[in-house]
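Here are some exercises to work through with the model open in front of you. Try each one yourself, then check your steps against the solution.

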Amino acid sequence: MNLRIIKPKKENLYTYLALGIGLLSIGFIDIFSNTFLNLNITGFFPSIISYLTPLILGAFGLHLIRIEYSGNKTLDIINKNFNSSNFNAILSLIVIFILIKYVPPLLNWFIFDANFLGSTKEDCIGEGACWVFVRVWFNRFMYGMYPDAEQWRINISFLTLLSSIGLIFILPIKFKKYIILFLLFIFPLIALNLISGGIFGLEWIETGAWGGLSLTFIVSAFALIFCFPIGVFLALGRRSDLPAIRYSSIGFIELWRGVPLITVLFMSAVMFPMFLPDGTYMDKLMRVIIAITLFEAAYMAEVVRGGLQALPRGQYDAAKSLGMGYWRMHFLIIMPQALKLVIPGIANTFLALVKDTPLIFVVGLLELAGMIGLAKTNPKWLGMATEGYVFAALVFWIICFSMSRYSQNLEKKLSTER
Amino acid sequence: MNIKAFSIDLKNKKRLIPQVLTLLSIILAISYFTFNAQVNMGNRGIAFGFGFLTQEASFDIGFSLIDYDGSHSYARAFLVGLLNTLLVSVIGIFFATLIGVTVGIGRLSSNYLVAKFSEVYVEVFRNIPLLLQLFFWYFAALRALPLPEQAMNFNDISYLTVKGWYVPKFIWTNFSMFVYSVIAAIVAIIFVSKHAKKQREEFGKHIPSFYIGIALLVALPALGFLIGGVSLEFEIPVLKQMSATIFNFRGGVSIIPELMALAMALSMYTATFIAENVRAGILGIGKGQKEAAASIGLTKAQILKLVVLPQALRIIIPPTTNQYLNLTKNSSLAAAIAYPDIVLVFAGTALMQTGRAIEIVSITMGTYLLISLSISSFMNWYNQSVAIKEK
């Protein structure tokens with residue numbers, strides 16, 4: 001078969017260009033009229049052909065303008081990035097058509113037809129999203145059942161946390177360690193007492209009332225603080241040459257890594273109380289934090305172990321030849337280097353931890369996703385599930401995405417040439 | 001555990017003391033917890049034991065692959081839950097691999113749009129908690145489907161409604177014959193490819209084993225249909241009026257929305273991680289490998305098949321199996337949308353009814369542990385068998 005006639009050449013560049021762009025624009029006009037004007041200009045074809053017309057016309061048009069080294073810079077860039085072969089041309093067209101077909105309705109739902117003002121469900125008219133729902137329930141989504149008048153306590157805790165984290169970036173290295181020590185050891189106690197109250201005349205607020213996004217942060221922050229040292233020790237234990245310690249570490253790590261978090265939470269809720277002396281009561285939130293801590297510590301241990309294994313043997317030998325003992329060697333020489341190597345892994349574990357917190361709904365603690373579940377079953381706000389979950393997804397996405405980007409930057413900054 | 005490792009030089013107290021202390025504290029902790037558990041169970045008048053497994057479960061399960069009703073035992077209910085967990089995991093793994101490989105290759109595409117599209121997909125779905133995605137699909141997306149009387153109709157054989165997805169049911173006669181013919185075809189293909197490899201390596205003869213394989217895979221089951229007495233009928237779901245206003249489909253197989261939502265959420269979430277693995281695997285093959293392959297005259301397809309893929313798969317498969325494992329464990333989120341998996345059926349309903357927290361939670365965790373350990377030991381075996389054998 002001789003396809004020479006439709007094989008575009010540089011000599012007739014402008015003829016082919018005109019022809020190709022013409023076909024391409026017919027395809028686009030077809031799609032546009034189909035999507036926005038509800039008009040099918042190719043309706044006289046059988047339905048399947050009519051459906052594929054824009055694709056066929058567009059692909060043929062793109063084929064005609066695929067001219068290598070045409071001398072026209074724009075055309076070359078387009079050909080290189082969107083149109084390097086027939087297959088790529090079709091893929092590009094499909095992606096563009098999907099964007100044209102689905103992005104405008106989504107944007108309409110999300111912003112242009114959406115209702116932002118009002119205070120009841122009746123204020124939501126039209127097809128768009130009802131963000132009134134999120135506005136009305138915003139306090140509940142952030143603070144759970146925490147009393148409105150006392151929410152400043154949570155706010156102050158988080159402001160302190162954020163400002164001390166901000167200070168770490170600003171202050172010179174000399175003060176940094178004091179702030180880190182404050183954040184690790186003193187701040188958790190202060191925040192815990194401030195939020196739960198019961199001292200200094202603050203009203204006691206039981207953990208059952210905590211909830212919303214702030215609970216997500218509380219659970220992940222405490223679990224992170226505790227799981228890190230446990231993970232480091234487990235990793236050292238797993239690499240220990242003392243068999244009893246090694247095998248118990250391996251057993252512990254593999255046990256937690258082999259089961260889903262949801263069963264661990266079940267265990268903390270229904271099985272763990274059976275293991276405590278009769279009459280002792282441990283707070284539900286505390287049990288959950290312990291369960292998540294142990295669970296994440298096992299993952300953290302594997303991450304840290306990766307760093308330990310990556311260190312060359314010479315580092316150990318050098319430390320030993322300086323007369324350092326086991327602990328001094330590990331905490332002065334090995335750990336600082338190993339931890340630096342696994343920063344992305346640690347960040348990923350923390351990300352997984354944040355993404356796992358919604359699971360605490362199984363024991364009846366309602367963080368953001370749980371609060372939305374509660375709000376959407378409110379008789380006055382039925383049918384708002386989509387808005388609620390889209391809002392929660394957006395919040396979590398912003399948190400997780402910025403964290404993953406930050407860890408990537410950190411990785412680049414800290415990477416030392418070996 | 002090997003005894004040798006424990007044969008410690010007694011003189012070396014420095015090594016002995018920490019070990020003894022560790023073991024002692026573990027034993028102490030376990031005995032403390034066991035003691036408390038015994039006291040607590042004694043107070044409540046329940047004795048530890050697994051006898052309850054044979055008792056009548058007397059609760060119904062909405063979706064089951066095997067025969068089950070309230071008169072069956074708790075052990076049978078456990079089996080139903082386990083099968084449902086495995087079912088959703090297998091479906092999830094299949095689609096996660098499909099999407100993941102496509103997106104992973106897409107991210108490396110020279111086509112700017114495709115690469116960007118794939119990147120956006122990965123960044124969006126990786127950074128949203130799986131539970132929220134599950135809720136979104138189940139409570140928002142699938143609830144927006146039409147009622148049975150206005151079902152989305154796929155060529156009159158399959159219907160998508162808010163109550164589930166109705167697909168034709170396969171009714172086989174002589175199904176075992178069909179299975180045998182497929183097995184025979186697979187055995188024959190293995191034979192042919194071994195023979196072809198031998199011929200190629202020893203005599204340089206080329207046998208088109210791929211086409212022979214496809215022919216065998218079509219021909220043998222076809223023979224089963226023609227002379228083996230195998231036949232296949234379809235039972236197509238039809239809309240029936242149940243009462244004045246209620247319509248529903250009868251016949252066919254109904255895929256419940258819980259299963260759909262769970263499979264969608266699991267596969268779309270896990271696919272992002274698989275895509276990253278695939279991308280890392282392909283990027284991990286040095287340019288030199290491809291250039292070397294090209295310089296000895298291999299064609300593009302041969303380079304992909306003989307040089308790039310074998311090496312890339314060695315990088316891709318271990319982390320991907322890990323993701324499969326994660327997917328299986330994440331399928332326990334089913335409890336959140338009431339898909340009757342092992343956690344919901346066993347650690348949920350059965351635990352409520354019997355109150356045997358320790359036994360039931362241990363069985364559930366043990367089952368997951370067994371699945372995890374068996375997959376990871378298979379993984380270790382596989383890693384060893386594909387590792388580059390250095391001389």
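**Exercise 1.** Find the helix that holds B:Tyr382, and decide whether this residue is buried, partly exposed or exposed.

*Solution.* Keep in mind that you're looking at a predicted model. Step one is the place: B:Tyr382 sits in helix 11 of chain B, which covers residues 357-386. Step two is the count: 14 other C-beta atoms lie within 10 Å of B:Tyr382. Step three is the verdict: a residue needs 20 or more for buried and 12 or fewer for exposed, so B:Tyr382 comes out as partly exposed. As an extra, pick out B:Thr367: B:Tyr382 and B:Thr367 are 15 residues apart in sequence, and their C-alpha atoms are 23 Å apart in space.

**Exercise 2.** Do the same for A:Trp131, and list its contacts beyond its neighbours in sequence.

*Solution.* Start with the place again: A:Trp131 belongs to helix 5 of chain A, residues 131-143. Now count: there are 21 other C-beta atoms within 10 Å, so A:Trp131 is buried. For the contacts, leave aside neighbours within four places in sequence; that gives you A:Ala114, A:Asn115, A:Phe116 and A:Glu387. Finally, try a distance: A:Met371 is 240 residues from A:Trp131 in sequence, and the two are 16 Å apart, C-alpha to C-alpha.

**Exercise 3.** Work out the strand order of the open 4-stranded sheet in chain B, and say which strands stand at the edges.

*Solution.* A reminder before you trace it: strands of a sheet pair through backbone hydrogen bonds, either parallel or antiparallel. Here the order is 1-2-3-8, and the pairing is antiparallel. Strand 1 (152-154) and strand 8 (253-255) of chain B each have a single partner strand, so they stand at the edges, with one side of each left without a neighbour in the sheet. On average, neighbouring strands are turned by 20 degrees against each other, direction ignored.

Now go pair by pair. Strand 1 and strand 2 of chain B pair in the antiparallel sense over 3 bridges, and B:Met152 has B:Leu160 in strand 2 as its bridge partner. These two strands form a hairpin with 3 residues between them, and B:Asn155 in the turn has a positive phi of about 55 degrees.

Move on to strand 2 (residues 158-161) and strand 3 (residues 164-167) of chain B: they run antiparallel and are joined by 3 bridges. The hairpin between strand 2 and strand 3 of chain B goes through 2 residues. Across this pair, B:Tyr159 stands opposite B:Tyr166, while B:Leu160 stands opposite B:Trp165.

Last step, the faces of strand 2 of chain B: B:Tyr159 and B:Thr161 are on the covered face, and B:Ser158 and B:Leu160 are on the uncovered one.

**Exercise 4.** How many residues of strand 4 of chain B are buried, and how many bridges join this strand to strand 5 of chain B?

*Solution.* Strand 4 of chain B has 5 residues (169-173), and the number buried is 0, so the strand lies largely in the open. Next, look across to strand 5 (residues 231-235) of chain B: the two run antiparallel and are joined by 5 bridges. To find your bearings, use B:Thr173, which stands opposite B:Ser231.

**Exercise 5.** Describe how helix 8 and helix 9 of chain B cross.

*Solution.* First get the geometry: the axes of helix 8 (residues 287-295) and helix 9 (residues 300-330) of chain B come within 10 Å and cross at roughly 155 degrees. An angle over 145 counts as roughly antiparallel, and that's why helix 8 of chain B is roughly antiparallel to helix 9 of chain B. The crossing is right-handed. Then find who meets whom: B:Gln289, B:Lys290, B:Ala293 and B:Ala294 in helix 8 meet B:Ile303, B:Val307, B:Val308 and B:Gln311 in helix 9. Sort these contact residues and you get 5 nonpolar, 2 polar and 1 charged.

**Exercise 6.** Which helix supplies the largest share of the side of chain A that touches chain B?

*Solution.* Begin with the totals: the contact takes 45 residues from chain A and 52 residues from chain B. The largest share of chain A's side comes from helix 16 of chain A, with 10 residues. By type, chain A's side divides into 34 nonpolar, 9 polar and 2 charged residues.

How values were computed:
Residues numbered from 1 in each chain as written. Chains lettered and ligands numbered in written order. Predicted model: local features only at pLDDT ≥ 70, side-chain atom pairs only at ≥ 80, totals over all residues. Contact = placed C-beta atoms within 7 Å. Nonpolar A, V, L, I, M, F, W, Y, C, P; charged D, E, K, R; others polar. Pairing = 2+ DSSP bridges. Axes fitted to C-alpha atoms, helices over the stretch in contact; angles between N-to-C directions. Parallel < 35°, antiparallel > 145°, perpendicular 65-115°, else oblique. Left-handed = near helix turned anticlockwise from the far one by under 90°.
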